[in-house]
Amino acid sequence: MRQIFVDIFSIFSGDLKKILSDVSGKFLICLLIFSFVLLFGLSSYGQSAGLLREIKKDFDIEAQSLSTALLDFGAQANMSLLVRKKDTDEKTSKALKGQMYPKEALITLLGGTQLGFKYINKKTISISPALFQEPNSVISSPLSYGHERGDVLVEEDYISPIDEVVVTSLRRRSNMQKVPVAVTVIKPPFIREARIHDIEDVGTRVPGLTVSSFSIGQPTIHMRGVGSNDDGAALDNSIVMFIDDVYVGRITSINMNFYDLEQIEVIRGPQGTLYGKNAIGGAINVTSKNPTEELSGEMEATIGNYDRVDIRGVISGPVIKDKLLARLSLHSRKRKGWQESIFLPGIKQNDENTWSARGKLLFVLGEDLRMDINSDYSRDDLESTGRIPVVGRVPVRLLGPDGLPSGATALPTDILASFGGNARNAINSDRGFTDRTIWGLSSRISQEGGYGRLLSITAFRKTDFAWLEDSTGLPSSLTNQKVNSNVDEQHSQFSQEFRWISPDDAALKYVAGFYYLFEQTRRIENFIFPQLISTTDQDNKTNSYAAFGEATYRLADGINFTAGARLTHETKKMDQQNSTNGDRTILLEDFTLRNEGAWTDFSPNFVLSWQYSDDIMLYNSISRGYKSGGFQGAPATLDLARRTIDPESVWNFELGVKSQWLEDRIRLNLVGFYSDYRDLQVVQFKTEGNFGVFQTSNAASARLRGLELEFTVKPTKEIEFFGSYAFLDATYTQFNDLSGRDFTGNRLRQAPRHSLYLAFFYEREFRLGRLRFRADYRYQGMSFREPDNSVTIQPAFDLVDASLAYESSDNVWEATLWAKNLLDKEYISHLYVLGGNDYAIFGTPRTYGLTVTLNF
């Protein structure tokens, strides 16, 4: 198998790679359209009459409701089940434990339910009363199809229901449609086929979530209009990420590489009563895949335009039978940049060069005692991200041939135009870089018993981030009114969480926990001018302590009431120093200072849910969110440095409905929300001359209200439509900044009023395998980048992605032809103001390629 992979990849990196790099964009579009027509137009060929061989798997499923047991079976067997909920209503399953064939396990689970089953293919099983027949006392063969019904065929007009989605963010495995919270779940193979590699790829696919990156280590993540833009060492993120239950909060490490994932869950609104670290705006919960009980692996190679070469490999299986399982995954992504600079010949800017590894060990220490050891490592080594002046308001000084001021001035946009520059041809003369290393190690110990489950999660993470960029994107030979930004940051954190989760069948279901976090961030930021360098140096230490919990009580049949609370105490101590070195442009004063602060908060949460029927749930929630105070980054003066940024808080009200219709062919989830923010932390870059100063202050209040709709429609077993729409009205209800400017009534930054996501999926049997076509459309409306809504306005944009995949019937190999930004739209992904002029980072143009995956 390894030799096959080597041979195939050598072909890819040779002739086929050259062919793909020569394919024009128009031809690619025609190829995808032709493939789609072919997909619908050709009749499918019959599958091989040979039987698909099963292998034994380890099952551990407790006696419970049949629907929940089948969810566990699907997860443990890695199979999809087609079953109508009405067929499982009021049915229970027997307990199941041990190693057996999936067919044997399913016969046991369905015993006494009057349900039978039939294999659609190796990975999909249909369950219905029509397939039931009294089982024989002896199982004939693990290779045969069905519940002793090899002669029974699935009805031709059978409509497969929408797949049930399991969420774990609420600390229990639950059906997404049964949890009273606004959550979006993204799972493979969509993660792979849509090439979701980082948080920016998630952003436009989740209602209310926008991601805009100044650099890979400085993303601005906003949810429902709320986010963090001050990257100082002593301020926190409003939107936080958890990787395998471990908090990843520092801005320089949150935009990490996504690979070998089980799923991505995005929970909108304040979170704190179920999590170790609180999140005022929302949480992104990333779950990586666990080791398998049989030896297995994947090898994957991708080639594409801009000389893309990606490699991914996974090996998983038992090290000591029934005692120790292990998984190791490696991932490398590399392509040349799509942007050139007129003044840096041969340099390709906006490239990709990332290498990552993840390891997992699962120890079975006893019948009910397990320990996981998780580790991860990643390294990014990137070129410049050339900035493009897009709006000129304030002219800059021009230099003569002798390098001295000529007395003439010009707008940055006019300078760009004079050299024929554009989004793909920058005019920066200074070469930038990004060098980032992230690694982490964590342990997770779980003990189960009649009392429920006890968890201990211990973690350490470290990030080293170095970055240099020409902020104005202008040539040094033409103007000396420019600045380069350089950041050197080291961040480390230690966290310990203890969690107690009640049994699933308890009358009162609860989660309680204690959490401790220590963070240290040393951030040195240099502002490099043509002659001088000014430096701000911040070293912050944070200690955070919290007790949290939530309990759910059944008031009546189908009606549940949940109450939770979080008590947080946090301290910060920061040493900082400014050195202007004679340049008083962005940093205006020299000083040395120690800041100290402490904050305590109590945040409750209340939820009332009503399961009106098995297909419809309504819920209403009231929750308080909190983000601690701190001290601003890069303060220009001693007065700004001394100021304490107050904590921000929010009361969030939600009313939602989750529903499925027409025998689970349609899923509609709708939530309306109203959020009342107090002391919202807002960072501004106040223009002064050709540059400016950073100012972070607290807006007195802000109001956010909106609607979010998510839907899935599955009219046939081959076709599925899904998507989302978000409407957002986010405004300051009272805000006067430190300069006395009144922004009351203005809209919050990075809060588009409208966003839309539409996707189409089609799958059918084709020859001896399965053919899948995906296409999605993403729209993000116009938004503002500053509280002053008259400047720095980011235009709306829309993107189309598509993929065509073929998978063999035995799941041994798969080939995917994919394209991102298929229509080659030119759009701004990030916009900022500097010296009164707007500068942009443009999004990646059309990329396409071929990915081949081998499983063993």
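This passage walks through a small sheet, a nonpolar surface patch and several salt bridges in a predicted model.

A good place to begin is an open sheet of 3 strands, ordered S20-S19-S26 with mixed pairing. Strands S20 (344-349) and S26 (425-426) form its edges, each pairing on one side only. Strand S19 (residues 339-341) runs antiparallel to S20, and 3 bridges join the two. Within this pairing, Ser341 has Leu344 of S20 as its bridge partner.

On the surface, a nonpolar patch offers about 970 Å² of accessible area together, and its members include Leu295, Trp355, Tyr377, Trp439 and Phe856. Strand S18 (324-335) and strand S27 (433-449) are the elements that give two or more residues to this patch. Phe856 sits in the segment after strand S47 (847-855); with a relative accessible area of 32%, Phe856 is partly exposed.

Turning to charged side chains, the model holds 57 salt bridges. One of them brings Asp260 and Arg327 together at 2.9 Å, N to O. This pair links distant parts of the chain, 67 residues apart: Asp260 belongs to the loop between helix H7 (251-254) and strand S14 (261-268), and Arg327 to strand S18. Asp260 is buried at 7% relative accessibility, and Arg327 is buried as well, at 8%.

Arg312 and Glu300 meet in a salt bridge of 3.0 Å, N to O. Because Arg312 lies in strand S17 (residues 308-320) and Glu300 in strand S16 (residues 296-304), the pair ties together parts 12 residues apart in sequence. Both residues are buried. By contrast, the salt bridge between Asp464 and Lys462 (3.3 Å, N to O) involves partly exposed residues, with relative accessible areas of 30% for Asp464 and 24% for Lys462.

How values were computed:
Residues numbered from 1 in each chain as written. Predicted model: local features only at pLDDT ≥ 70, side-chain atom pairs only at ≥ 80, totals over all residues. Heavy atoms only, no water. Pairing = 2+ DSSP bridges. Helix = DSSP H or I, 4+ residues; strand = E, 2+ residues; numbered from the N terminus. Patch = residues over 30% accessible without salt bridge, like charges linked within 9 Å, V, L, I, M, F, W, Y side chains within 5 Å. Areas by Shrake-Rupley, 256 points an atom, 1.4 Å probe, with all protein chains shown as cover. Salt bridge = Lys/Arg side-chain N within 4 Å of Asp/Glu carboxyl O. Buried < 20%, exposed > 50% of the residue type's maximum accessible area, 1.4 Å probe, protein only.
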